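Biologist: Please take one turn in this model and go through it slowly for me, then carry on into the parts it belongs to. I work at the bench, so give me the cut-offs as you go.

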Amino acid sequence: MIIGLTGLNGAGKGEAAEFLKKRGFRYYSLSDVIREELEKEGKPVTRQNLIESGNRLRQQYGTSILADRILKRLDSDKNYVVDSFRNPNEVAAFRSRKDFILLKITADPEIRFERVRQRARENDPKTWQEFQKLESAETTGKDLTLQQLVLTAEEADLEIENNNTLEQLHGQLKKNLQNILMNAPRPNWDQYFMEIAKVVALRSNCVKRKVAAVIVKDRRIISTGYNGTPRGVRNCNEGGCPRCASMEQSGAKLDECLCSHAEENSITQAAYHGVSIKGSTLYTTFSPCLICTKMIINSGIAEVVFQQDYMLATTAADLLREAEVRLRQIPT
């Protein structure tokens, strides 16, 4: 789960982040990217420098640059809390993850100013007038490449008001966290096995295309395979397949290709280890070619689930249907 935090200065985002960190959430701030830039430039990390550098990064690389860089650091199997969303396009970048929720922390201006005054950071505003001036500069700009705190807050999925005690804030966070985690999305079985197939594809040694197949029975993986040269033969990425090494265009000289297909390897691996695949389901990242289709039919596989169409697969699909092997395509 990724919980993003947004809100105005002094609202309590830091306290919310600390609460989540103590419950196993790994912490990132989009401002980390800006701090790294300031460190490279040898500039002090002041609030003004953070704002100016962040705006400059957005103008130079796009308004989602901070989010894009942080997203690359996040694994899909961990819980994260990510602070300092200040532009709607940063939120949009995180929406690419189905496990993302944006939480807005709010508090009345007078309460937020008193908190800022009490924490007494070096670069925080010291007077109410300075506080109002800084807040106006951060929230009312019309340039979409700059900070847009008000527009960003409008993207929030949940809102927590933090005008009272720390204990009350924690109580609200706990209640919302329980609801969020209990309703966190889980992949269905098709998504689960196809994502595993994509990881298997990373082991492919073919230089042209990386494909993988996973054979499943009773929701249990019984064989996997990826495309590449046969066992004991020099790998494709080491020059083992002359056709691939010559970078022939897709579909040309296939009769000269030495690489075995992913479906073929998953079926032969099962045979090699004496595992029956009759009545199983084959998940493959590409729809099977004609040769693999004949192997699928004769091995007793009952269903083929794929994501992307193989360019020469029309005859293969017709043959699978004639042999009464179920064929399904799922979204990428």
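Modeller: Let's go to Arg-219, which lies in the loop between strand 6 and strand 7. (Helices, H or I with at least four residues, and strands, E with at least two, are DSSP runs numbered from the N terminus.) This is a predicted model, with local features needing pLDDT of at least 70 and side-chain atom pairs pLDDT 80 or more, while totals for chains, interfaces and linings use all residues. Residues are numbered from 1 along each chain as its sequence is written, and side-chain values use heavy atoms, without hydrogens and water.

The backbone is what catches the eye at Arg-219: its phi is near 60°, a positive value in a residue that isn't glycine. Most residues other than glycine have a negative phi. Arg-219 is also exposed, with a relative accessible area of 56%; buried means under 20%, exposed over 50%, and partly exposed in between, using a 1.4 Å probe and protein chains only. Asp-218 also takes a positive phi, near 55°, in this hairpin, which has 2 residues between its strands.

Now follow the two arms of the hairpin. Strand 6 (residues 212-217) and strand 7 (residues 220-226) run antiparallel to each other, paired over 6 bridges; strands count as paired if DSSP finds at least two bridges between them. Ala-212 stands opposite Tyr-226 of strand 7.

These two strands belong to an open sheet of 5 strands, in the order 7-6-8-9-10 and with mixed pairing. Strand 7 and strand 10 (326-329) are at the edges with a single partner strand each, so one side of each has no neighbour in the sheet. Ignoring direction, neighbouring strands here are turned by 20° against each other on average. (Axes are lines fitted to C-alpha atoms, for helices over the stretch in contact, with angles from 0 to 180 degrees between N-to-C directions.)

Something else covers this end of the sheet order: helix 12 (residues 262-272) lies across strand 6, strand 7 and strand 8, and runs at about 130° to strand 7. Contact here means heavy atoms within 4.5 Å. Tyr-272 has a charged visitor, as Arg-231 lies over the face of its ring, at 4.3 Å from the ring centre. For that label, NZ of Lys or CZ of Arg must be within 6 Å of the ring centre and within 35 degrees of the ring normal. Elsewhere, the charged end of Arg-23 sits over the ring of Phe-19, 3.7 Å from its centre.

Strand 8 brings in another set of rings. Tyr-283 lies in strand 8 (residues 281-286) and Phe-193 in helix 10 (residues 189-201), so their pair ties together parts that are 90 residues apart in sequence. Their ring centres are 5.4 Å apart and their planes are at 40°, so this pair is tilted. The rule is that rings of Phe, Tyr and Trp (its six-membered ring) pair if their centres lie within 6.5 Å; planes under 30 degrees apart are stacked, over 60 edge-to-face, and the rest tilted. Phe-193 and Tyr-283 are both buried, and together with Trp-189 and Tyr-192 they form one aromatic cluster.

Over at the far edge, strand 10 has its own odd backbone spot just before it in the chain order of elements: Glu-324 is in the loop between helix 14 (314-322) and strand 10. Glu-324 has a positive phi of about 60°, although it isn't a glycine. At 72% relative accessibility, Glu-324 counts as exposed.

One bench-minded extra is the cysteines. The structure holds 0 disulfides, a disulfide being a pair of cysteine sulfur atoms within 2.5 Å. For Cys-236, the closest cysteine sulfur is in Cys-259, at 3.7 Å, which is too far for a bond. Cys-236 is buried, at 2% relative accessibility, and Cys-206 is buried too, with a relative accessible area of 7%.
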